[in-house]
Amino acid sequence: MSPSSSSSSESKLPMKPIPGDYGIPFFGAIRDRLDYFYNQGKDEFFKTRIQKHNSTVIKTNMPPGPFIAKNPKVIAVLDAISFPILFDTSKVEKYNVLDGTFLPSLSFSGGYRVCAYLDPSETKHTALKSYFMSVLASKHSEFIPLFRTCLSQLFISIEDGIASQKKANFNSPCQVMSFDYIFRLFCGKDPSETAIGSKGPAIADKWLALQLGPLFTLGLPKFLKYVDDLLLHTFKLPFFLVKSDYYKLYDVFYASSGPILDKSESFGVTREEACHNLVFLACFSTYGGLKVWFPALIKWVGLAGEKLHRQLADEIRTVVKEEGGVTIQAMDKMVLTKSVVYEAFRIEPPVPFQYAKAKEDIVVESHHAAYKIKKGEMIFGYQPFATKDPEVFDDAEEFVGHRFVGEGEKLLKYVYWSNGRETVDPTVEDKQCPGKDMVVLLSRLMLVEFFLRYDTFTVETAVLPIGSSVTFTSLGKATSI
């Protein structure tokens, strides 16, 4: 096993210049953008450059480039050893880098630089992240019972779809379930009881798309790639297209989350700023993540086949019976279930990109060499390459459900989905997801509730501009519990 990523000035590995190039100014960035989105695609874009330069640390341009991003140049770290430099906030800064080389208009967050855009060195970051962690801690007892209620409605919707159409889309009802869960958790009521009614997911999706559009494509036919590129990657998408909807969302959160907002002033945060941050946390970070993540989890478990399904059902039903119910303690004893969740996080992390800027000259190690990154240079990590590093994981491209069982637990430090190692807990001094433990818990709970109801299932999958589409084609109800 290779050593951890190093940012010291000393290294036992040979020091090498960072290979790659940025091309001719302006035109090089356009070339790389077209390759990334249309000519090659993300994975092939990085794979060909790794092979060309025989290095997993390379220079390249990252989209969107001109005219949205002033400087598209990055140092890409594409293996499990170099990637964690992005977590070391003593060496890198996270100022306005959530979306990479550009910053969407702050109008999308009420004019505030919300916590996700702040560097941990900023006083406001400490206040806001402490506030978020306090809010989540206060809601801990509601995580399981509320999610079980929401899952029941989701499964009914899927069963109805299969009964009437012989197949059932998972993404749409899952998005509704995710939004309802998050809103009910933070606001204490169903969104249907508010002014947004059932429009919450649609509003959130539109708001997300206008911010993140420059990082994706419309999925148009290839002969329309220049139209797609012009529409999404040339100029920032304007806030006015979603302004009225955003403030409907904001007003509903403000009116419905009083007890949470009441806490904000004790952390030095006004109610208005706290509410804009709460909307961002709920609708961008949490809903935006879960709408991608839950289909990925079900996709990989579905494609793994009936043998794994039988093993999961046996483990889950046995432990629930022994423990007398579905509890945190019971789920902690489900070693295969936990491993399957971690494996899904490894093979398809919900947020594939991380960025940071070097605070000083630093040395970063890959498996075989060391590289000097200069102060001020942007560092980019493509997480799927780091978490499918063949020098760390056997059969790295394969979904192996039991990978993290027993001795395999030692590999959890190379699971990075939360913007940190899976073996590390978030603090106010870092940028790791404050809801990391909640998301892991909900993921396990989804599998537990699923296999308490069903023995096995089959799915059809497809690639979406963001994430995967999952459709159930069969669903076998539990024959024994």
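Phe450 comes out as buried (under 20% relative accessible area, with over 50% exposed and partly exposed in between, using a 1.4 Å probe and protein chains only) because its relative accessibility is just 2%. Keep in mind that this is a predicted model, where local features need pLDDT of at least 70, side-chain atom pairs count only at pLDDT 80 or more, and totals for chains, interfaces and linings use all residues. Numbering runs from 1 along each chain as its sequence is written, and side-chain values use heavy atoms, with hydrogens and water left out.

**Aromatic pairs**
- Rings of Phe, Tyr and Trp (its six-membered ring) pair if their centres lie within 6.5 Å; planes under 30 degrees apart are stacked, over 60 edge-to-face, and the rest tilted.
- That rule gives 51 aromatic pairs.
- Phe450 and Phe472 are a stacked pair, because their ring centres are 6.0 Å apart and their planes sit at 20°.
- Phe450 is in helix 15 (residues 436–453) and Phe472 in strand 10 (residues 468–477), so to speak distant parts of the chain, 22 residues apart; helices (H or I, at least four residues) and strands (E, at least two) are DSSP runs, numbered from the N terminus.
- Phe472 is buried too, at 1% relative accessible area.

**A charge over a ring**
- Arg49 has its charged end over the ring of Phe45, 3.7 Å from the centre (the cut-offs: NZ of Lys or CZ of Arg within 6 Å of the ring centre and within 35 degrees of the ring normal).

**Helix 13**
- Of the 13 residues in helix 13, 12 are buried.
- Its buried residues pack against helices 10, 11, 12 and 15 (contact means heavy atoms within 4.5 Å).
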